[in-house]
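Here are a few friendly notes to read alongside the structure. Please take them in order, with the view open.

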Amino acid sequence: MWTRDLLEVGEKTKKVLVNLLSQIGVLCVMTSMLVGASAWALDAPKGPVVLQVSGLIEAHNQGKLAVLDMQALQGLPQKSFTTQTPWEQKPVTFSGPLLRDVLQLVKAKGQHIRAVALNDYRVKLPVSDTREYDVMVAVQMNGQAIPVRTKGPLFIVYPFDAKKELQQKTYYERSIWQLKAIEVE
């Protein structure tokens, strides 16, 4: 009799355990979804917003936008290159994150970007340029922050001297200074 009672308790315990494990499994899935969703959220800017990214992006921090301050841009890996530009008499050293790293930060999914300057000048460039070349969102020129009056605070620039093919009107026109926004299409 006592053995039979243990078997009955064992069966009831088994059902409770199966139910409990099922609920734990659901909880784990829900938790991983929440953790995954929060991984797509960007930190809110602590300083003035210098770049707004919209369009086909999956990481946001202000509605459907990704707004970035200088600290966020400087928190990305920083690169430097020196290149001759058609706008300066001497070669210029640019520093800042690569545009592909900015696009990766916001989880961009498009094929083109439309860049907008403070004066609403707009250029369109293929995202493939950011994979083929070290296109930069420059935050410094010659080691100094870039004032608005001299093309700042942000400047999309190609490493023109790195490849002869970049020394043509197409790529000069894709460079945009006084950058304020990027729309991913």
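1. Confidence first: the chain has a mean pLDDT of 86 (the predictor's confidence in each residue, from 0 to 100), and 78% of its residues reach 70 or more. This is a predicted model, in which local features need pLDDT of at least 70, side-chain atom pairs count only at pLDDT 80 or more, and totals for chains, interfaces and linings use all residues. Residues are numbered from 1 along each chain as its sequence is written, and side-chain values use heavy atoms, leaving out hydrogens and water.

2. Please go lightly over residues 24-39, where pLDDT stays under 50 and the model has zero contacts (heavy atoms within 4.5 Å) beyond four places in sequence. Where pLDDT is low, the predicted coordinates should not be read in detail.

3. Now find Asp-69 in strand β2, residues 66-69 (strands are DSSP runs of E, at least two residues, numbered from the N terminus). Asp-69 is buried (under 20% relative accessible area, 1.4 Å probe, protein chains only). What lies by its side chain? A polar atom of that side chain is 2.7 Å from the backbone nitrogen of Lys-46, and one is 2.9 Å from the backbone nitrogen of Gly-47. Residues that Asp-69 touches include Pro-45, Pro-48 and Val-50.

4. Next, look at the open sheet of four strands, ordered β3-β4-β8-β9 with antiparallel pairing. β3 (79-83) and β9 (144-145) are at the edges with a single partner strand each, so one side of each has no neighbour in the sheet.

5. Finally, β3 pairs with β4 (residues 92-96) over five bridges, in the antiparallel sense; pairing takes at least two DSSP bridges. Phe-81 stands opposite Phe-94 in β4.

Definitions and conventions: Buried < 20%, exposed > 50% of the residue type's maximum accessible area, 1.4 Å probe, protein only. Lys, Arg positive; Asp, Glu negative; His and termini not counted. Salt bridge = Lys/Arg side-chain N within 4 Å of Asp/Glu carboxyl O. Polar contact = N/O pair within 3.5 Å; in protein donor to acceptor, adjacent residues only side chain to side chain.
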